[in-house]
Amino acid sequence: MSRDYLARKLAQAALTIVAIAILNFLLFRLIPGDPVRSLLPRNVSTQQKQELRERLGLDQPLLPGLYQTPQGLRLKVEQIPDTLVENQFVTYLGNLASLELGRSFFERKAVLDVIADRFWPTVILVISAEALALLLGILIGIRAGWKRGGPFDILTINPALVLYAVPLFWLAMLLLFFLATPNGIPVFPSQQMTTPGRQFAGPLEAIPDVLAHLVLPAFSLALGLFAGYALIMRSSIIDVLGEDYITTARAKGLRENDVLRRHAIPNALLPTVTLVALTFGYVLGGAIGVEQVFSWPGMGTLIVRSVTQKDFPVLQGLFLLITISVVLANLVANLLYAVLDPRVRR
Amino acid sequence: MALLEIRDLVVHFRIRGGVVRAVEGISFDVETGEAVGLVGESGCGKTTTVLAINRLLPPNGRIVSGSIRLDGEELTALRRGAFRRKRWKEMSVIFQGAMNSLNPVLRVGDQVREPILLHEPGVTRREANRRVSELFELVGINPARKKQYPHEFSGGMRQRVMIAMALANRPRLVFGDEPTTALDVMVQAQILELLERLRREFGLAMVLITHDLSVVAETCERAVVMYAGQLVETGPMELLHDRPLHPYTLRLMRSVPDVEGPRDLGAGIPGQPPDLAAPPSGCRFHPRCDHAVAACLAAFPPGRSFGTGHRVACHAVSDEGRLRAPSELPLLSGAAVVLAAEESGAELAMLDHPDDPPGVEGAA
């Protein structure tokens, strides 16, 4: 791939991230609700509220001269010169640059630490679900498209469509109900990432227990995702099989399997790669619901908790992290696409 | 024995609510080292014929009957595996490389090398690579371009890659499916010249499908003229050009303007090719033919030979090998058509679905 292409894609990703950082700042300043009021008990004095406000830096203007008052946004022109540097936006940017995301309103910890605890569980969940979904989706899609209209096609694509239409959290609840509670056959643990109270000698010892806990959440997420991949893969295999170069490959004397493997699949994978990148945000969204159902200690449950607690610094940190990871997923897809398709490398 | 012998080939396509009778009993031979042009309007069955020979028909297409012999071996009787081992090695196809016949995500060198490694297991990778370089030089591409992808080539260059690929296993028979159609005139001339040179150099037999008569005139010794799935006339190109016997061939030759002739468009052929799901009875050209007689509705005429491999299937041609003028024939018109049809026991064209139409009699 050319250095030009790489540079262009990196620049695009960087620009998007900057835009996200700005939006993220504005979003949390402009939503209604006063964090100070929800932080303190109802009966504290105005002065105490004011002190907390100052400590959190909420007394400063949002942008030079732009104050947030109970009556809404106020622009005080005469204040602009004085608050050119001393405003929330500049503080925010400075903090971002030093990876300082503030402190959680509720846990007495830095936001970065709060998120760090929750980061890996979500990564494990999302990656295993994506891997499962891709494997299932691509294999089923190829097979179904290859024998279009055959029994395999009909018996897999129709259930896949149903799963595609079902809300993820509902699917997760069904799995939970039937496979983790005495209502069905309780094969798998119902919640958390490890068995509560159990001690492990080291991280390696914990793996079997974590895997057992991972099965249901990962499958819930994967079952909701694979249908999209299967459908795209199926239709692109069908498209590709009609191409002239497939006839060429057959004429050359390749076995049907090799026609598929060497000529059809590499071409048919391209739309699927795009789809994976495009739906990455949707996957993270789905993970929130699934984590909530299984009390998976990841960023999804953290988001839900932070929303109910109005823990703005944590939410802001999470939003930033999630949006950046979506941008990065797209970047990876773009680079992968260039590897798979020589036509886009320039 | 000819290199390729096609006898009474019948190919049908199943479609919703019917059968398309795309090729209806054609017979012709291709001798070793000979170039044969397969000509006719779009949809006359020439591509279908080549696809059928190479077992490349789409799933709804089927060889209903007939025989295809390569070097005396019956290809239609071969099992899948046995046929696969023969294809490309003994006969290959030059598809329209300018279009989408090359895989866009594979390097062209690898695509040319693929059949070598596939059919010649004794050949090492290094040896195969060397042969690919030779092939590239042979068709006039810098071997350094092996590592490039199809989109980095112009249409003419892609066609050259396609030709290199078709020659990879040094086959004795090559089919060219409109190999120059999408190219501009200059490039077209270069490609034809290249094909001609390679054909002579390797003693290749070639079947060239084209709707462009000038291409056939330039490259082929012999031509097979098809109309609506039937073979109407075959013979040496010169003879077909100068003294065509079949009314369709006559019209076809006249439709090409002559560079030195008058500056007007040649007379076209009135009407349109028939719907092959409900073809006319007998000779399928009769509704558009101004020589049609009663017999044309009843049955497709047997092929008659008039020396030097010239064979024609037409009721209007006399036994001495002369196309009788319309004035000499009991022509059909209006009520006469109906009467003639009833008399000969045939139903009218629009209603007729012969299940087992007569084929061209082998006269080679």
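These legends walk through several close-up views of a predicted model with chains A and B.

**View 1. Chain A as a whole.**
Let's start by getting to know chain A. Its secondary structure comes to 13 helices and two strands. The C-alpha trace of chain A spans about 85 × 55 × 40 Å along its principal axes. Of the 346 residues in chain A, 33% are buried. Among the contacts in chain A with a separation of 6 or more, 70% link residues that are 24 or more positions apart.

**View 2. Where chain A touches chain B.**
Here 18 residues of chain A are in contact with 22 residues of chain B. Two elements of chain A, α9 (244-251) and α10 (256-278), each give two or more residues to the side that touches chain B. Which of them gives the largest share of that side of chain A? It is α9(A), with six residues. Sorted by class, the side of chain A that touches chain B has six nonpolar, five polar and seven charged residues.

**View 3. Helices α11 and α12 of chain A.**
Now zoom in on a pair of helices in chain A. The axes of α11 (residues 280-294) and α12 (residues 299-309) of chain A come within 7 Å and cross at roughly 85°. Angles from 65 to 115 degrees count as roughly perpendicular, so that is the word for how α11(A) and α12(A) stand to each other. On the α11(A) side, the residues that meet the other helix are A:A287, A:I288, A:E291 and A:Q292. Their counterparts in α12(A) are A:G300, A:T301, A:I303 and A:V304. The residues of this contact divide into four nonpolar, three polar and one charged.

**View 4. A:S295, in the loop between two helices.**
Stay with the same helices and look at the loop between α11 and α12 of chain A, where A:S295 lies. Most residues other than glycine have a negative phi. A:S295 is not a glycine, yet it has a positive phi of about 50°. Is A:S295 buried or partly exposed? There are 14 other C-beta atoms within 10 Å, so A:S295 is partly exposed.

**View 5. A:I185, in another loop of chain A.**
This view moves to the loop between α7 (168-179) and α8 (203-241) of chain A, the place of A:I185. A:I185 counts as exposed because it has 10 C-beta neighbours inside 10 Å. For a sense of scale, A:I185 and A:L139 are 46 residues apart in sequence. In space, these two residues are 29 Å apart, C-alpha to C-alpha.

**View 6. The four-stranded sheet of chain B.**
Time to turn to chain B. An open sheet of four strands runs in the order β2-β1-β4-β5 (chain B), and the pairing is antiparallel. β2 (18-30) and β5 of chain B stand at the edges with a single partner strand each, so one side of each has no neighbour in the sheet. β4(B) and β5(B) pair over two bridges in the antiparallel sense. Look for B:L70, whose bridge partner in β5(B) is B:E73. Helix α1 (residues 46-53) of chain B packs on the sheet and touches β1 (4-15), β2 and β4 of chain B. The direction of α1(B) makes about 75° with that of β2(B).

**View 7. B:D71, between two strands.**
Where does B:D71 lie? Look in the loop between β4 (61-70) and β5 (73-74) of chain B. B:D71 is a residue other than glycine with a positive phi, near 55°. With 15 C-beta neighbours inside 10 Å, B:D71 counts as partly exposed.

**View 8. The eight-stranded sheet of chain B.**
In this open sheet of eight strands, the order is β6-β7-β8-β3-β9-β10-β12-β11 (chain B), with mixed pairing. The edge strands, β6 (91-94) and β11 (304-305) of chain B, each pair on one side only. Inside the sheet, β7 (residues 173-177) and β8 (residues 205-210) of chain B pair over five bridges in the parallel sense. One residue to find here is B:D177, whose bridge partner in β8(B) is B:I209. Helix α9 (residues 247-254) of chain B lies across β9 (222-227) and β10 (230-236) of chain B, running at about 110° to β9(B).

**View 9. Helices α3 and α5 of chain B.**
The last view shows α3 (residues 108-119) and α5 (residues 155-166) of chain B, whose axes come within 8 Å and cross at roughly 25°. These two helices, α3(B) and α5(B), are therefore roughly parallel to each other. Their crossing is right-handed. The contact is made by B:V108, B:Q111 and B:V112 of α3(B) with B:V161, B:A164 and B:M165 of α5(B). By class, this contact of α3(B) with α5(B) has five nonpolar, one polar and no charged residues.

Definitions and conventions: Residues numbered from 1 in each chain as written. Chains lettered and ligands numbered in written order. Predicted model: local features only at pLDDT ≥ 70, side-chain atom pairs only at ≥ 80, totals over all residues. Contact = placed C-beta atoms within 7 Å. Nonpolar A, V, L, I, M, F, W, Y, C, P; charged D, E, K, R; others polar. Axes fitted to C-alpha atoms, helices over the stretch in contact; angles between N-to-C directions. Parallel < 35°, antiparallel > 145°, perpendicular 65-115°, else oblique. Buried ≥ 20, exposed ≤ 12 C-beta atoms within 10 Å, placed from the backbone. Pairing = 2+ DSSP bridges. Left-handed = near helix turned anticlockwise from the far one by under 90°.
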